[in-house]
Amino acid sequence: MAKDQDQQPARENSGFIAAVVLMVVIAVGAGALLGNRGEPVPGTEVAAAPGPTSTPDAHVEGDVDPSDGHGASAGAGAEEEVEIPPQVELASAPVEGQRVERIEPEVADGVKVFTLNAEEVQWELIPGKAVTAWGYNGQVPGPELWVNEGDRIRVNFTNDLPVPTTIHWHGVAVPNEMDGVPGVTQDPIEPGGTFVYEFEAKPSGTFWYHSHFDSARQLDMGLSGAFVIKGADEPAYDKEFVQLLDEWIRLPEGRNGWEGVTHAGHNNAEYNWFTINGTSFPATPNMEVAEGDRVRVRIINAGYQAHPMHLHGKRMTVVAKDGAPLSQPYEADTVLVGSGERYDFEFLADDPGDWMFHCHILHHVTNDAVIEPGGLMNFVTYQGHDNAYQRP
Ligand SMILES: [Cu+2]
């Protein structure tokens with residue numbers, strides 16, 4: 001359309017009208033197709049097929065295989081035929097046998113002892129879509145570590161990666177020699193090597209741990225995890241959830257965008273998968289609450305892009321930034337979480353329903369740029385609640 005206008009500036013207005021008419025035709029057509037249980041109609045050509053959560057400017061171009069491959073590699077001159085995006089399915093579709101979980105420490109002489117290793121794993125972003133990743137204890141991100149303020153913590157770490165690494169305790173008031181900066185506070189931990197991190201857990205708040213060696217690459221390969229220090233004066237919550245955000249470049253055959261490239265060869269603009277706690281919608285676990293619950297959600301942005309996280313149906317009460325309690329909590333329905341930042345919010349579960357929680361950069365709720373809904377999305381769901389809406 002824009003091309004035609006460039007070539008025929010005198011017909012700009014009629015071109016615009018034609019564009020509007022075409023968009024209406026497409027929208028009506030897509031609506032009719034979605035009414036047909038959202039199933040693709042064989043042989044139907046649809047240039048733009050907005051699903052229930054689509055944005056007006058959502059579009060798919062070229063011959064993009066939505067089941068695999070890199071969205072940016074659309075072939076020139078290919079047929080414009082794409083599948084209708086599926087409707088939002090409420091139920092999370094977790095990857096079998098793969099979950100990011102808290103691990104409990106052993107307690108020895110009053111010290112809480114965690115055992116961590118770093119290793120390469122094949123990690124499924126949604127069922128069947130694995131990417132080569134580096135994780136802790138076979139999890140991507142690493143397991144959640146929850147401790148109490150003032151606890152003595154020891155982490156026995158083994159490096160099972162083919163490259164050196166270290167662990168940095170982001171935001172935690174550790175002794176300098178526990179800060180994990182290679183060449184400054186410790187030697188890099190070589191492949192097969194070990195290191196013992198030991199410190200007092202302080203202050204309270206939402207923190208995270210991550211590699212600090214070749215960190216642009218190693219964080220992006222998945223080497224991060226949540227580290228929560230509970231304060232004694234925190235309110236009692238019925239439910240608490242960590243939402244750790246990250247982005248991935250997944251190439252065909254599940255190769256990671258970092259494989260075989262230097263830093264100069266890596267393009268931060270090419271992220272095509274977006275994850276909460278290591279998985280993309282619909283594999284993201286929902287936040288299941290009961291009516292009357294007081295709920296705290298701890299958002300950690302372990303990626304390199306900012307994510308405006310939006311909760312449907314009510315305002316979040318933001319109570320902490322980077323682990324620090326806010327002297328004046330504030331209300332918001334969208335919270336912009338920059339790289340490395342943490343925001344904690346709470347809410348009272350007083351409106352039974354299925355409430356979407358998602359990034360509002362809507363490219364980030366796609367998987368490989370062509371399957372919407374996906375990416376940074378899940379739901380606050382209520383135990384025992386029957387949604388009034390029944391899917392056709
Ligand atoms: Cu985002």
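## Thr284 and its surroundings

In this predicted model, the side chain of Thr284 reaches the backbone oxygen of Met377 at a distance of 2.5 Å. Thr284 is placed in the loop between strands E11 and E12, the latter spanning residues 287-289. Its relative accessibility is 0%, and Thr284 therefore counts as buried, since the cut-off for that class is under 20%.

Leaving out residues up to four places away in sequence, Thr284 touches Ser92, Ile276, Thr279, Gly375, Met377 and Asn378. Met377 thus appears both as a contact of Thr284 and as the residue whose backbone oxygen the Thr284 side chain reaches.

## The copper site

Three protein residues supply donors to the copper ion, namely His307 through ND1, Cys359 through SG and His364 through ND1, and these lie 2.0 Å from the ion. Along the chain, the donors follow the spacing H-x51-C-x4-H. His307 belongs to strand E14 (residues 307-311) and Cys359 to strand E19 (residues 354-359), so this pair ties together parts of the chain that are 52 residues apart in sequence. Both His307 and Cys359 are buried.

## Strand E14 and its two partners

Strand E14, which contributes His307 to the site, is mostly covered, with five of its five residues buried. The cover extends to both faces of the strand: His307, Met309 and Leu311 are buried on one side, and Pro308 and His310 are buried on the other.

E14 is joined to strand E17 (residues 334-337) by four bridges, the two strands running antiparallel, and to E19 by three bridges, again in the antiparallel sense. Met309 takes part in both pairings, with Val335 as its bridge partner in E17 and Cys359 as its bridge partner in E19. Cys359 is accordingly both a copper donor and the bridge partner of Met309.

## Lys314 and Trp355

Lys314 is found in the loop between E14 and strand E15 (316-321). With a relative accessibility of 17%, Lys314 counts as buried, because the class takes in values under 20%. A polar contact of 2.6 Å joins its side chain to that of Asp350, and a polar atom of the Lys314 side chain also lies 2.9 Å from the backbone oxygen of Leu348. Apart from neighbours within four places in sequence, the residues in contact with Lys314 are Asp333, Phe347, Leu348, Asp350 and Asp351.

Trp355 lies in strand E19, the strand that also holds the copper donor Cys359. Trp355 is partly exposed, with a relative accessible area of 25%, and its side chain reaches the backbone oxygen of Asp351 at 2.7 Å. When neighbours within four places in sequence are set aside, Trp355 is in contact with His312, Gly313, Asn378, Phe379, Val380 and Tyr382. The C-alpha atoms of Trp355 and Lys314 are 9.1 Å apart in space, although the two residues are 41 positions apart in sequence. Asp351 is in contact with Lys314 and offers its backbone oxygen to the side chain of Trp355, while Asn378 is listed among the contacts of Trp355 and also among those of Thr284.

## Sheets and strand pairing

An open sheet of six strands has the order E11-E10-E13-E18-E15-E16, and its pairing is mixed. Strands E11 (273-276) and E16 (324-332) form the edges, each pairing on one side only, and the twist from one strand to the next averages 25°. Within this sheet, strand E10 (residues 239-248) and strand E13 (residues 294-301) pair in the parallel sense over seven bridges, with Leu245 having Asn301 in E13 as its bridge partner.

Elsewhere, strand E2 (residues 111-126) is joined to E3 by eight bridges, and the two run antiparallel, with Glu119 standing opposite Gly135 in E3. The hairpin of E2 and E3 has two residues between its strands, and Gly128 in this hairpin takes a positive phi near 90°. Strand E3 (residues 129-136) has seven of its eight residues buried, so it is largely enclosed by the rest of the structure.

## The chain as a whole

The chain contains three helices and 20 strands, and buried residues make up 49% of its 392 residues. Among contacts with a separation of 6 or more, 72% are between residues 24 or more positions apart. The accessible surface of the chain comes to about 18,000 Å², of which carbon and sulfur atoms account for 52%.

Definitions and conventions:
Residues numbered from 1 in each chain as written. Predicted model: local features only at pLDDT ≥ 70, side-chain atom pairs only at ≥ 80, totals over all residues. Heavy atoms only, no water. Donors = N, O, S within 2.8 Å, 3.2 Å for Na, K, Ca; no water. Buried < 20%, exposed > 50% of the residue type's maximum accessible area, 1.4 Å probe, protein only. Contact = heavy atoms within 4.5 Å. Areas by Shrake-Rupley, 256 points an atom, 1.4 Å probe, with all protein chains shown as cover. Pairing = 2+ DSSP bridges. Axes fitted to C-alpha atoms, helices over the stretch in contact; angles between N-to-C directions. Polar contact = N/O pair within 3.5 Å; in protein donor to acceptor, adjacent residues only side chain to side chain.
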